[in-house]
Amino acid sequence: MRKKLVFQTIVLLLSISAFSQKFDLGKVSVEELKQAEHPKDPKAEAAILYKKGRTYFDILNGNKVVTEVEIRLKIYKKEGYDWATFVIDNYINNNLKENVAFSNAYTYNLVDGKIEKTKLKNEGIFVEKLNDYKERNKIVFPNVKELSVIEFKYVQESPFIGTLCDWSFQMGIPVNYSEYVTQIPEFFIYKSQMKGTLIPKMDKTSKGQTIQKKEKENTGYGFVTSQTSQSYQEFINTYTLKDIPAMADESYINNINNYRSAILHELMSIKYPNQPYKDYSTDWATIVRDIYLGDFGSQLGKRSYFEDDLAAILKGVTNPDEKITTVFNFVKSRMNWNEVVGYYCEKGVRTAYKEKVGNTADINLILVAMLREAGIDVNPILLSTRNNGIALLPNRNAYNYVIAGVQTAKGLVFLDATDKIATPNVLPLRALNWFGRIVRKDGTSDDVELVPTNLSKNVTNIMATIGSDGVLKGMYREQQFDYFAYLYRRAYGNIDEEKYLEKIEKEHPGLQIESYKVANKADLTKPVVEDYNFTHDGIVEKIGDKIYIDPMVFVAKTQNPFKQDKREYPIDFSFPHQEKYMINLTLPEGYVVESVPEAISMFMEEDMGSYNFNITASGNKIQLVATLDIKWSLIPATHYEGLKNFYKAMIEKETEKIVLKKA
């Protein structure tokens, strides 16, 4: 419930009234080109000077939704060159397809006081088929430099009227002016909803329109062409917002677009003249029931294709937990994910099983069907991936993924067989998106919280000797459990060992690694354990007859990941976790301890987390134990300042010095 409340605080209603401003393509000014920095955000790498969009309906040609967009963008720094590449996706469903066309695309530069204009040519336009359902269109502007201005227009036609385009007012760079107009015929009723904290001004108008149609009628003596007309009202809403600050990515966020100000439209109903009223408004329960009865039911009812294999792998297995593990591992090893997400089966479970390849629905519905046949209480769980964002409005497109949920005596266990290194209750991070919806055989459903509750642990042991020459020599061991082990296997499971060690040494200048070994890299039932010997000549500092050394040697946190003055969206750690460090140091001969950092214990409010740092010195030994617990995976923005200060104090403590002096 906590995560729902966090998200609900960022969802705002629309407000009324408007302002307007005039912009025209091709009217780039010398002043725009000379501007060396954004007047309200001098650090900005680029800025949108204006962004105008209009969505309207082409009723005569099959009720197409047409969206026209004009954009002018300023590049301030080299870091902003990426903004000179623009991407838009077209969606495909059976024989229906979206189409996009670009025009008026130019790069402007100021050369010897005169405006130089470079046109985007065909070689700067790319089309890539991502999968059977999506096509990516990309344009890359030519002759882009610091202080360039680029502008372009695109028109996208869509046969899918269920949702209008999402209009984002806020971006990762400042936006000087954003305007979006919807022109919706009275036949279509859409629900609109705003997300983010910035509210656009809104102006509502309407005007009469007339459709002229030509119809042919067979009179028996030949065809007679007649013309009919249909009058209707078109409702026009104009949303405008100016001086929009950038909302850039920061550490620990799942999808920044969940929080940037934008407006969404979802079809509620259709009422054509002289035709019955069609209601498309619905709720989550109805949507998932229809998905289960329509899309899942037929797939989950098929069993013959796997029955022989299931009998073979479960021969002699009677314990339910062993059955779950056996079936899960079998499906993971047999099936290969084609990296297509969806809750619709792409090939169908029978074909996917035979070919050993499928999308998320193919694979995880096979898993559900096999577990049910094995007598396990399991149901599919619909969810939206992190890239897809959090759904604001109930609609079938809000979900784009499906996993399996097994009911056990210890609670619900999540399984995702698309990922070969996933384990029970350790899902791929793409699936950890707050909430999903479990759908039962009878079509009933309930929200389920996807975020893990158990602490994933990372335990580091270091035993080292401080040399009188300032070189630290010792042994390092790191044990990574649950999600930490998953992340290691995901990032480094297939990497060349030499490259991996080079990476570690590069991250810690002065570190040299020897005798490296890693255990349980492929054994998913055990933690990943790394061991190596090391020398480090960048930790110890000698000044006069004293030695200064970092108590956390080379594993201290040195930079606060939270740099913003304030934050308007939650801090998402993905999973609760514990980081524990146990460090034992042996002093060089002839030295004693003069001082060590004081021990501290810190606690975040509402038991969100804690930090304990305890160091003791005895004879020629120093022992340090430092433990960070983050118990909430999702922390509301209202606690940002406290969290930022918590990390600041922790970093200050970990970078204090141990001081040794001559005996």
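Which helices and strands each supply at least two residues of the lining of the second largest pocket? The model is a predicted one, in which local features need pLDDT of at least 70 and side-chain atom pairs count only at pLDDT 80 or more, while totals for chains, interfaces and linings use all residues. Residues are numbered from 1 along each chain as its sequence is written, and side-chain values use heavy atoms, with hydrogens and water left out.

The elements in question are strands 24 (456-466), 25 (472-480), 27 (528-536) and 31 (577-586), together with helix 8 (482-492), helix 9 (497-507) and helix 10 (640-654). Helices (H or I, at least four residues) and strands (E, at least two) are DSSP runs, numbered from the N terminus. A pocket is an open set of points on a 1 Å grid over the protein atoms alone, where a 1.4 Å probe fits, with protein on both sides within 12 Å along at least five of seven lines; lining residues have an atom within 4 Å of a point. The lining here comprises 40 residues, and Glu478, Glu507, His508, Glu579 and Tyr581 lie nearest the pocket centre.

Turning to the interior, the largest nonpolar core has 53 residues, of which Ile462, Leu472, Phe534, Phe554, Leu585 and Tyr647 touch the most other members. Such a core is a set of buried Ala, Val, Leu, Ile, Met, Phe, Trp, Tyr and Cys residues joined through side-chain atoms within 4.5 Å, where buried means under 20% relative accessible area (1.4 Å probe, protein chains only). Another core, of 44 residues, lies apart from the largest one and includes Ala84, Trp167, Phe187 and Met202.

Terms used. Buried < 20%, exposed > 50% of the residue type's maximum accessible area, 1.4 Å probe, protein only.
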